[in-house]
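Please examine the structure below with care. A series of questions and reasoned answers then follows.

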Amino acid sequence: MKFTAAAIITILAFACQPTDKQAESYKNIEKHIQSLSADSCLGRAPMSEAEDRVVQYIAAQMQNAGLQPANQGSWFQDVPMMQVKSQMSPKLTCETPAGTIEFEKLSGYVSFSRRAEESIAISQSELIFAGFGINAPEYQHNDFAGIDVKGKTILVFVNDPGYGQSGEYFKGNTMTYYGRWTYKYEEAARQGAEACFIIHETGPAGYPWGVVQNNGDGTDLYLKQEDGYRDRCKLEGWISKEAAEQLFAACGLSFDDAKQQALKPGFKPFSLNTKMSASLKNEISYGQSKNVCGLVKGTERPDEVVVYTAHWDHLGVGHPIDGDSIYNGASDNAAAVAWLLEIAKNMQQNPPKRSVLFLSVTAEESGLLGASHYVQHPFFPMNKTVACINTDVILFLGKFRDICLTGYRQSELDGWIEKEASKQNRYIAPDPNPENGMYFRSDQFPFVKEGVPSIFAKGYIEAEKLGKKATAEQIAHYWKETYHKPSDQFLAERDNLDGLVQDAQLMEQVGRNLANSNSWPGWNIDSEFKAIREKSFLETAQKP
């Protein structure tokens, strides 16, 4: 078989293309990580002196890639913030049938409030045991059935009734949103409760009491709301398991008996014949941060959009560890911003039929605030938003054999990922710790709450050069020694970004497929978010 010189050159050119493109992607991603996690960015805290430097860098990269500014000619969306510095009352006082019990702040209880009020108190508030604090019609479960909790305080367990149970009540060990602590405070407010305290247990919560303690007597960021959060409970908080055991005993119940009652279908809430009192002092200030937003406009259906998200913020400058006080956040989340910028550059070179929005959001570390603000003030309606694709906390361990799906089996998007993953000879892996509810803890979740099917995916289970066991050991080391510490830095001579390049190529193609299709991927039938999407389409009589 003979080839001309021109044919040989063409063959060689095509053979070299993938390698050259991968090398270019690697170089681009490395540059972005180094720039965004440099000490000069001071840990990328929202509203810090370094914020403008960070967001201008991201916007400049979007502009250089040829994207359009997504917000009426601007690369930025202002995100108004409220900063609250709280001081709890020294004790949480409970007047029980067996006498008065007092729990010390931090060791026994933690409380906070997003109400824009400088002085907040509950006094002699009737305490209601409300099981898990869940109202879930699709599971025929209502922990508020038959009782009015308006103006009262509720006590609830963390997680949902499926945790640790055999069978498929709720979703077994896979946490539903009903198990997430944020849901419990939201539902308590909807029910009109004055205060809500969650009982902490390390297993069902997914973290020890020390993590809860860090939220006490601290400074928190919230989105600024015109009503000052008057619709929220006065106090939201936690009590330790030891405090709950003492409280139940004083009310004539054991902790285990209370838990078993709450687990039973048909549980009915009841008063503990206890009066609870506590207070909080707040110092309130206001400021503004920014989301960065670039757009690849669709060629045929520009009013429909696929959204990519990656938060730019981290923890700023904090408590020194080994002499270093800058929390650089290379893996969390400079790497994901680099992922987003590389996908954006490639997408703009060949725009798809639908629009693609690239959204680098602020204040994820403070409670998904930037993403939440966007879905409250979107550039595209939620019923015109096809899907959200997000990533967060990237490990620099080279290529992975898996693509790990957080939120596995929630939506039809799993199939879209699996199709492209197979082309990379990768397998789909579910979240190894679904009881921790990670699907509800990153920037895709505000979209999920509005009914938009969303992806949170990355290589995580089996690095090619390590195998599953050694990968798990590296991950455990990361969470213990690197996550949210100054040691989260990028070292070119140590770290391998091939897996991040691999993930970017995969998720670019998934997004491109979605943006070139006519499909609207739906939620699976047992997803707690399916009804929200259906309602969104019905309200506008505009189901695609």
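The turns below treat cysteines, salt bridges, cavities and aromatic rings in this predicted model.

Me: How many disulfides does the count come to?
Reply: A disulfide requires two cysteine sulfur atoms within 2.5 Å. The sulfur of Cys251 has its closest cysteine sulfur in Cys94, at 8.0 Å, which is too far for a bond. Cys388 is in no disulfide either, its nearest cysteine sulfur, that of Cys293, being 14 Å away. By this rule the count is zero.

Me: Is Cys388 buried or exposed?
Reply: A residue counts as buried when its relative accessible area is under 20%. The relative accessible area of Cys388 is 0%, so Cys388 is buried.
The cut-off also applies to Cys251, whose relative accessible area of 17% makes that residue buried. For Cys388, the word asked for is buried.

Me: How many salt bridges does the count come to?
Reply: Side chains of opposite charge can pair when their charged atoms come close. The cut-off between a side-chain nitrogen of Lys or Arg and a carboxyl oxygen of Asp or Glu is 4 Å. One pair that satisfies this rule is Glu117 with Arg115, at 3.7 Å from N to O. By this rule the count of salt bridges is 22.

Me: Of Glu117 and Arg115, which counts as partly exposed?
Reply: Buried means under 20% relative accessible area, and exposed means over 50%, with partly exposed in between. Arg115 has a relative accessibility of 15% and therefore counts as buried. At 29%, the residue that counts as partly exposed is Glu117.

Me: How many residues apart in the chain are Glu528 and Lys171?
Reply: Glu528 and Lys171 form a salt bridge in which the closest N and O atoms are 3.4 Å apart. The pair links distant parts of the chain: Glu528 is in the loop between α13 and α14, while Lys171 is in the loop between β9 and α3. Both Glu528 and Lys171 are buried. Along the chain, their separation is 357 residues.

Me: In which strand does Asp303 lie?
Reply: The side chain of Asp303 meets that of Lys384 in a salt bridge, with N and O 3.5 Å apart. Lys384 lies in the loop between α9 and β18, so the pair ties together parts that are 81 residues apart in sequence. Lys384 counts as buried at 18% relative accessibility, whereas Asp303 is partly exposed at 39%. The strand that holds Asp303 is β14.

Me: How many nonpolar residues are in the lining of the largest cavity?
Reply: Rolling a probe the size of a water molecule over the atoms shows where empty space is left. The structure holds four cavities of 30 Å³ or more, and the largest contains about 60 Å³ of space. Among the residues that line the largest cavity are Leu405, Asp414, Tyr439 and Phe456. The lining has five polar residues and one charged residue, and its nonpolar residues number six.

Me: Which helix supplies at least two residues of the lining of the largest cavity?
Reply: The lining includes Leu413, Asp414 and Ile417. Strands β19 and β21 each supply at least two residues of this lining. The helix that does so, spanning residues 413–423, is α10.

Me: How far apart in space are Lys480 and Glu51, C-alpha to C-alpha?
Reply: Lys480 has its place in helix α12. With a relative accessible area of 60%, Lys480 is exposed. Lys480 and Glu51 are 429 residues apart in sequence, and their C-alpha distance in space is 28 Å.

Me: How many aromatic pairs does a search of the whole structure find, and what is one stacked example?
Reply: The search finds 36 aromatic pairs. Planes under 30 degrees apart count as stacked. Phe157 lies in strand β9 and Phe248 in helix α6, so their pairing ties together parts that are 91 residues apart in sequence. With centres 6.3 Å apart and 25° between the planes, a stacked example is Phe157 and Phe248.

Me: What is the angle between the ring planes of Tyr177 and Tyr183?
Reply: Tyr177 counts as buried at 7% relative accessibility, and Tyr183 is buried at 3%. Both belong to one aromatic cluster, which also includes Tyr439 and Trp523. Their ring centres are 5.8 Å apart, and the pair is edge-to-face because the planes lie at 70°.

Technical notes:
Residues numbered from 1 in each chain as written. Predicted model: local features only at pLDDT ≥ 70, side-chain atom pairs only at ≥ 80, totals over all residues. Heavy atoms only, no water. Buried < 20%, exposed > 50% of the residue type's maximum accessible area, 1.4 Å probe, protein only. Helix = DSSP H or I, 4+ residues; strand = E, 2+ residues; numbered from the N terminus. 1 Å grid on protein atoms, 1.4 Å probe; cavity = no way out; pocket = protein on both sides within 12 Å on 5 of 7 lines; lining within 4 Å. Points joined across faces, edges and corners; volume = space filled by probe spheres on them. Nonpolar A, V, L, I, M, F, W, Y, C, P; charged D, E, K, R; others polar. Phe/Tyr/Trp six-rings, centres within 6.5 Å; stacked < 30°, edge-to-face > 60°.
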